[in-house]
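I opened this notebook page to record two look-ups: enclosed empty space, and contacts between charged side chains. The entries follow in the order in which I made them.

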Amino acid sequence: MKDIDVLIEALPYIKQFHDNKILIKYGGYAMVDDEAKSSTARDTVLLKYVGMKPLIVHGGGPEISRSMDKLGKEPKFIKGLRVTDEETMEIIEMVLVGKISTEIVSELIKHDGQAISLSGKDSSLIFAHRKGAHKVNEELIDLGLVGEVDCINTDLLEMFLENDYIPVISPVGIAEDGTSLNLNADTAAGEVASAIGAEKLIILTDVPGVLRDPSDPSTLIQKIKIDEVPGLIEEGIISGGMIPKIETCVQAIENGVTSCHIIDGRKKHSLLLEIFTTDGIGTMIFK
């Protein structure tokens, strides 16, 4: 009976989100652990088979750094942000487009999902401009070939979605002169979710969500309204690497995405538990 109860609980959510676009940002454990990669891919395909339209944007920072080390190129960071020269950009494209994206596609196909690997450069999918010198904590820095998104070619994505494909997007942008630009994966996911009119943006991380006490998972904040975010940042509850993720969520919601979810990709079936159960398992940000 328990299995039946789970299906009954899921039914209203399956009906509610039928034919809706769900943008999933793959990151952290869900991308490096073989079992988690397979499980996350299977759950993504399940969303497709119950009538939703999933899209994936993925990161790959640790894998990029490992590849740079192997090739004798020392990764450089300023204030936690990767400095991207031409050689680094070549490695980023090699890893994101040539390796990670195709691995995700292979996992999806293994579970009978039609999937297509796309770089942000394909048909100017993610048109961007070079960020240039900017201030970080009052210090002027220039990260090189790092971009900010200008627009998304939604026609290309709609074409694949209408033909039952799951687009798997690498966060590499293309500038007006054809230059490749390194994009923040969370930001790219938010921009794609907004442009495509996604119902949800789901960010897979290695933490349970936003915690009042970082050392205590039981202090998970399950729901946050976007007008509560500044106060939580001021209190230090939202801090460090969680700030840009939350800011991405806030911007996506202000641009029309109904809700954003930060969930723990280490937990088996976290994607399904967040979408198909009343309580969910992570932090939901909404208007």
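**Entry 1: cavity lining.** I worked on a predicted model. I first listed the residues that line the largest cavity: Tyr26, Ala30, Met31, Lys37, Ala41, Ile100, Glu103, Ile104 and Glu107. I then asked which elements give two or more residues to this lining. They are helix 2 (29-32), helix 3 (34-49) and helix 5 (86-110). Helix 5 gives the most, with 4 residues.

**Entry 2: cavity volume and character.** I noted a volume of about 70 Å³ for the largest cavity. The count of cavities of 30 Å³ or more comes to 1. I sorted the lining by class and obtained 6 nonpolar residues, 3 charged residues and no polar ones.

**Entry 3: salt bridges overall.** How many salt bridges does a search of the whole structure find? I recorded 17. I followed up three pairs.

**Entry 4: Glu158 and Lys21.** I found the side chains of Glu158 and Lys21 joined in a salt bridge, at 3.5 Å from N to O. This pair links distant parts of the chain, since Glu158 lies in helix 6 (residues 154-162) and Lys21 in strand 1 (residues 21-26), 137 residues apart. I also looked up accessibility. Glu158 has 23% relative accessibility and therefore counts as partly exposed. Lys21 has a relative accessible area of 15%, so I entered Lys21 as buried, the limit for that class being under 20%.

**Entry 5: Lys99 and Glu63.** I recorded a salt bridge between Lys99 and Glu63, with the closest N and O atoms 3.5 Å apart. Because Lys99 lies in helix 5 and Glu63 in helix 4 (residues 61-70), the pair ties together parts that are 36 residues apart in sequence. Is each partner buried or partly exposed? Lys99 counts as partly exposed at 32% relative accessibility, whereas Glu63 counts as buried at 18%.

**Entry 6: Lys99 and Glu103.** I noted that Lys99 also forms a salt bridge with Glu103, the closest N and O atoms being 3.1 Å apart. These two residues are 4 residues apart in helix 5, which means that about one helical turn separates them. Glu103 is partly exposed, with a relative accessible area of 30%.

**Entry 7: network.** I finally asked which residues are linked with Lys99 in a network of salt bridges. Lys99 is linked there with Asp34, Lys37, Glu63, Arg66 and Glu103. I cross-checked this against Entry 1: Lys37 and Glu103 line the largest cavity and also belong to the network.

Terms used. Residues are numbered from 1 along each chain as its sequence is written. This is a predicted model: local features need pLDDT of at least 70, side-chain atom pairs count only at pLDDT 80 or more; totals for chains, interfaces and linings use all residues. Side-chain values use heavy atoms; hydrogens and water are left out. On a 1 Å grid over the protein atoms alone, a cavity is a set of points where a 1.4 Å probe fits but cannot get out, and a pocket is an open set with protein on both sides within 12 Å along at least five of seven lines; lining residues have an atom within 4 Å of a point. Grid points are joined across faces, edges and corners, and a volume is the space filled by probe spheres set on the points. Ala, Val, Leu, Ile, Met, Phe, Trp, Tyr, Cys and Pro count as nonpolar, Asp, Glu, Lys and Arg as charged, and the others, Gly among them, as polar. A salt bridge is a side-chain nitrogen of Lys or Arg within 4 Å of a carboxyl oxygen of Asp or Glu. Buried means under 20% relative accessible area, exposed over 50%, partly exposed in between (1.4 Å probe, protein chains only).
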